[in-house]
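Visitor: Hey, could you walk me through this one? I'm new to this, so plain words please.

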Amino acid sequence: MSDATTLTHCPYCSLQCGMGITRELDVVAREEFPVNRGALCGKGQSATGLLTSGRLTGPLVRGADGELAPAGWDEALDRIAKGLRAAQGAAGPDGVGVFGGGGLTNEKAYALGKFARIVLRTSQIDYNGRFCMSSAAAAGNRAFGVDRGLPFPLADIPRTGCVILVGSNPAETMPPALRYFTELKANGGRLIVVDPRRTRTAELADLHLAPRPGTDLALALGLLHLVVAEGRTDEAFIAERTAGWEETRAAVMAHWPEYVERITGVPVPQLRAAVALFCDAPESMVLTARGPEQQAKGVDTVGAWINLCLATGRAGRPHSGYGCLTGQGNGQGGREHGQKADQLPGYRMLTDPAARRHVAEVWGVDPDELPGPGRSAYELLDALGTDIRALLLMGSNPVVSAPAAAHVEQRLRSLDFLAVADVVLSETAALADVVLPVTQWAEETGTMTNLEGRVLLRRKAVDPPPGVRSDLDVLHGLAERLVPGREKGFPTDPREVFEELRRASAGGTADYAGISYERIAAEDGVFWPCPEGSAGTPRLFLDRFAHPDGRARFAPVAHRPAAEETDAEYPVSLTTGRVLAQYQSGAQTRRTPALNEAAPGPYVQLHPELAARVGVVEGDPVAVLSRRGRVTAPARLSTAIRPDTVFMPFHWPGEGRANTLTNPALDPVSRMPEFKVCAVRVEAVRPPRGS
């Protein structure tokens, strides 16, 4: 690769594919990078387009006429400081909230959490990563004592014998990862896909299980029931390396196959076939994604799939185990270092006195200055305009991405003051009192942690436009205005921030103390935990699990229905997801012409039987109504979806905003909203009379 090419990583999903950027802003492949081995999807190939068009290039401040207008940086920062002070003067420290993003680098996520806690002194901070894998994180912590998306590298997937892929469609959401599953099959391994739709990924499967949305928990319980009934448990592994099996076995036996078929719609022969494929292989894996996780019982659902691995001895051994396919680019690192409502850097808990002392010492403050845990993401958004009077938001677009999005939009509009730092004028930024233009991925250096727990280095390739600053500059400037002198703790050099992050994380669960920019560059990334002097940890749990006694924990769980079941008024289930050419709320991809041409707008996927009952044909406008609102989009007929279910992608605002419909019911542990299932009614959109 030419010396004029900067080695870096894609700005989108959790793969963080390696790529190079030339001086001419061309994207070139990095064949040697182990995660994607040169492969890039359309989003990665077009990622440099937004560097030169469609982006913000100067601050905007809302004037007396109610319109956003260009302003200087000092004016914009002064205005934010004034708005935050006023809110805290009226409502106390927690009168200001902070909302971060899963695309922020580790350095920016760390600095944002620190800023919230020692400059604003607010407990009200969370981030949109709560909507990504918080249920898997909570289940992983409960079962294994640690939360890392994958406890092994992606390269282990083709070397196992069977993979159950639950609620994931990597063919569209992370195409370069699909090769791991095709290589699995080429090596003689078997692939089972669990999804209500026959997706592009499901078409590759040896067995496709299509449960009703919201019944993944019952499905996992039914499979484990059969494992027990057929004598396929690994009793030696259970005795030596786990705890809690007796209670779990008792719970599982209440979920016999015919009962599970009635709940899920998956025929008993398919249940038996899945158990045979999974258990007959010498090694097996279960990988989950948003399908089972974005439910009001997501933690228990993931726990049930982990139970299947533990009971069969498919965990803590080479080429076996449970893993989560994280979605956002830094969804993993973003919560490890302080953006999450209840956590401090190093995955330390805010309620732990020793953790508070350690981090406070690094930050140069008294531990008593640190606030306690705050609200989770949706609960924070729901409190806007009441308890929380002002919000500082970085790298998120909840007007499109939050559940019950019309309600969240109304809460944002009710704020006394809103400041947004973003690359583009997103739908959320358009509501702000002040909008700050910040640097993009290729205009800054920083680290990201991908779905494997591999810490990577994004390198600066180009200078930003003159009117654009980094998020680190923003936090420094605000700290200087709000608590003069404290800005010294907010350097603008990302390397300096990372060195402090290393010290703050040392000794924590997510220990980065032994990781440096130089090591990352030399080793194609370093896996955490990596204490000082460590080689890093590509594979977890081979000797012991992370609980003090070294044992994994079973979770005795039982089926329960979705928070909102279908009924006579709302007889159809809605599930949501992503499409190949768009990403998350679409704030960036909808501004990239090639991607927007490939996926120009929302649609409603429905089965021809349902379409016939409603009275629509391909392309007709169709209305979908839930208890939270109504959306319209063109009908897309397909036999790849269940007749009792409709699917909508969630990347668009306006009349086709899928999250207008979704249910904000929360998991009691992870506080994950139930994005993946709600009850809806589908209607044809009739033209006005006389038209």
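Guide: Sure, one term to begin with: a salt bridge is a side-chain nitrogen of Lys or Arg within 4 Å of a carboxyl oxygen of Asp or Glu. Also, this is a predicted model, where local features need pLDDT of at least 70 and side-chain atom pairs count only at pLDDT 80 or more, while totals for chains, interfaces and linings use all residues. Residues are numbered from 1 along each chain as its sequence is written, and side-chain values use heavy atoms, with hydrogens and water left out.

Visitor: Okay, how many salt bridges does the structure hold?

Guide: There are 45 salt bridges. One of them pairs the side chains of Arg130 and Asp126, at 2.9 Å from N to O.

Visitor: Is Arg130 buried or exposed?

Guide: Arg130 is buried, at 5% relative accessible area. (Buried means under 20% relative accessible area, exposed over 50%, and partly exposed in between, using a 1.4 Å probe and protein chains only.) Asp126 counts as buried too, at 0%.

Visitor: And what does Asp206 pair with?

Guide: Asp206 meets Arg190 in a salt bridge, 3.4 Å from N to O. Asp206 lies in the loop between strand 9 (190-194) and strand 10 (207-209), and Arg190 is in strand 9, so the pair ties together parts 16 residues apart in sequence. Helices (H or I, at least four residues) and strands (E, at least two) are DSSP runs, numbered from the N terminus. Asp206 is partly exposed at 33%, and Arg190 is partly exposed at 35%.

Visitor: Which residues do shared salt-bridge partners join into one network?

Guide: Glu230, Arg232, Arg272 and Asp280.

Visitor: New topic: how many disulfides turn up?

Guide: A search of the whole structure finds 0. A disulfide here is a pair of cysteine sulfur atoms within 2.5 Å.

Visitor: Why is there no bond for Cys10?

Guide: The closest cysteine sulfur to that of Cys10 is in Cys41, 5.9 Å away, which is too far for a bond. For Cys678, the closest is in Cys132, at 20 Å, again too far. Cys678 is buried, with 0% relative accessible area.

Visitor: Last thing, helix 13: how many of its residues are buried?

Guide: 14 of the 14, so helix 13 is largely enclosed by the rest of the structure. Helix 13 covers residues 298-311, and its end C-alpha atoms are 20 Å apart, which agrees with the 20 Å expected at 1.5 Å a residue. That expected span is 1.5 Å times one less than the number of residues.

Visitor: What comes just after helix 13?

Guide: Gly313, which takes a positive phi of about 70°.
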